[in-house]
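Subject: Structure handover

Hi there,

Here is the structure I promised to pass on to you. Please have it open while you read, and my notes follow below.

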Amino acid sequence: MTDTHRPLRLNLDGDALVHNWHVLAKASGNAATGAAVKADGYGLGAREVVSRLSKAGCRDFFVANWAEALAIADLVAPEQIAVLNGVQDKDLAQARSSGIAPVLNSPAQIARWKSAGGGRCHVMLDSGINRLGIGPEQLDEGLFADMEIDIAMSHLASADENNPQNSEQLQRFQEISSTILCRRRSFANSAGIQLGHDYHFDLTRPGISLYGGVERPELADELRQVVSVEAQLLQVRTLKQGAAVGYGGTYICPGDMRVGTIAMGYADGYLRSFSNVGQCRAGPAMLPVIGRVSMDLVTIDVSSTPELEEGDWVEVDYDLTAASAQSGLSKYELLTGLSKRAARNWI
Ligand SMILES: *Cc1c(COP(=O)(O)O)cnc(C)c1O
């Protein structure tokens, strides 16, 4: 079967991904460096990400749920995958047969795991994010008895900021985890790695910065963008002064102008918050998004580039920092929202 032509493509830079992992590994000091590959490798494709990082030396991969775990289970050993959302009754059969360990997040999950036969697992301790994890009020004596805990972990809430919450969480994690029998301790996400040695423990768990997201200034100059987005012009027309462009007519042409319509829309993750503020490029020329982003289409001003015509490709400005500022979306949303209908070309 030949591949269907797709008028929207993501170019994914495998060298940049591996480079970013090495940057984070170096910044993690003596700690091992894993990879968060949940949400299909932050939208880029978990299988491609895991294959590349595994080859580069990464040994610990974190996914959210069991479907995500099974999607990469043939690529690495089961001991190298951890399921962050834990284990429900309906996951037990898969968990037991795959040999992949859950991250147990509550006394109920611990009890479930023990009664299913126990064995190697991980635990999430809540040190102050108050989201998922065993809270300090739940730390009964005997809770962790007879367990084979590999990683005792916790997760930072505000590591991208210089926030006193960071050191408070660190202290709490140190206190709690020091009383638990475990093989390894893990605390830092991408931003947490940059908070310094105290935050590294045995294993770090970067996600967003592997994919080029700069969350703190420390590594800003070293991390490289992994994804670039290109879309094809479906049509180019000259509109008259006063013409209203797109749904709601939110852009009125200030003069006669050439307007191009590209094959991308909010269904591809290019959300409506880019309306009238996003931009594309053709070589050095900037092509502003005009009018409202619709489901499958975006209109851009191509007046500056008369040679552009139907069928040409334009680059969508998807630099994570810039696009985040334009749209108000987080870098995480920009990546994980990228649709499955875009072609993904690893280079
Ligand atoms: C998503 C996630 C990470 C990675 O976080 P980033 O901010 O993307 O680096 C690490 N640990 C846990 C528990 C997570 O849920």
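Let me begin at the start of helix 1, where a side-chain oxygen of Asp13 comes to within 3.1 Å of the backbone nitrogen of Asp15. Please keep in mind throughout that this is a predicted model.

Helix 1 covers residues 14-27, and its length works out nicely: 14 residues at 1.5 Å a residue should span 20 Å, which agrees with the 20 Å between its end C-alpha atoms. Its buried residues are Gly14, Ala16, Leu17, Asn20, Trp21, Val23, Leu24 and Ala25. Among the elements that cover them are strand 1 (8-12), strand 2 (32-33), helix 3, helix 8 and strand 19 (343-346). After the helix comes Gly29, with a positive phi near 60 degrees.

Helix 3 is a good one to look at next. Here the buried residues are Ala46, Val49, Val50, Leu53 and Ser54. Viewed down the axis of helix 3, they fall within an arc of 120 degrees, so they line one face of the helix. As background, an α-helix has 3.6 residues a turn, so residues three or four places apart point the same way. The cover over the buried residues of helix 3 includes helix 1, strand 3 (35-36), helix 2 (38-42), strand 4 (61-63) and strand 19. Helix 3 is also followed by a glycine with positive phi, in this case Gly57, near 120 degrees.

One residue of helix 3 (residues 46-56) that you may want to click on is Ser54. Its relative accessible area is 18%, and the cut-off for buried is under 20%, so Ser54 counts as buried. Leaving out residues up to four places away in sequence, Ser54 touches Arg59, Phe61 and Val76.

Now to the aromatic rings, of which the structure holds 8 pairs. In one of them, the ring centres of Phe173 and Phe201 are 4.9 Å apart and the planes stand at 75 degrees, so this pair is edge-to-face. The two residues come from distant parts of the chain, 28 residues apart: Phe173 is in helix 7 (residues 164-177), while Phe201 is in the loop between helix 8 (190-193) and strand 10 (203-204). Both Phe173 and Phe201 are buried.

Phe201 has another partner in Phe187: their ring centres are 5.9 Å apart with planes at 85 degrees, so this pair is edge-to-face too. Since Phe187 lies in the loop between strand 9 (184-186) and helix 8, and Phe201 in the loop between helix 8 and strand 10, the pair ties together parts that are 14 residues apart in sequence. Phe187 is buried, with a relative accessible area of 0%, and the value for Phe201 is 18%. Ring pairs join Phe173, Phe187, Tyr199 and Phe201 into a cluster.

Which residues does Ser127 contact, beyond its neighbours within four places in sequence? They are Ser154, His155, Gln169, Arg172, Phe173 and Phe187, so two members of that ring cluster are on the list. Ser127 sits in the loop between strand 7 (120-124) and strand 8 (148-153), and with 1% relative accessibility it counts as buried. Its side chain makes a polar contact of 2.7 Å with the side chain of Ser154.

Lastly, two arginines to look at. The charged end of Arg9 sits over the ring of Trp313, 3.6 Å from the ring centre, and Arg96 lies over the face of Trp113, at 4.7 Å from the centre of that ring.

Happy browsing, and best wishes!

Note on methods:
Residues numbered from 1 in each chain as written. Predicted model: local features only at pLDDT ≥ 70, side-chain atom pairs only at ≥ 80, totals over all residues. Heavy atoms only, no water. Helix = DSSP H or I, 4+ residues; strand = E, 2+ residues; numbered from the N terminus. Buried < 20%, exposed > 50% of the residue type's maximum accessible area, 1.4 Å probe, protein only. Contact = heavy atoms within 4.5 Å. Phe/Tyr/Trp six-rings, centres within 6.5 Å; stacked < 30°, edge-to-face > 60°. Lys NZ or Arg CZ within 6 Å of the ring centre and 35° of its normal. Expected span 1.5 Å × (residues − 1). Polar contact = N/O pair within 3.5 Å; in protein donor to acceptor, adjacent residues only side chain to side chain. Arc of directions from axis to C-beta.
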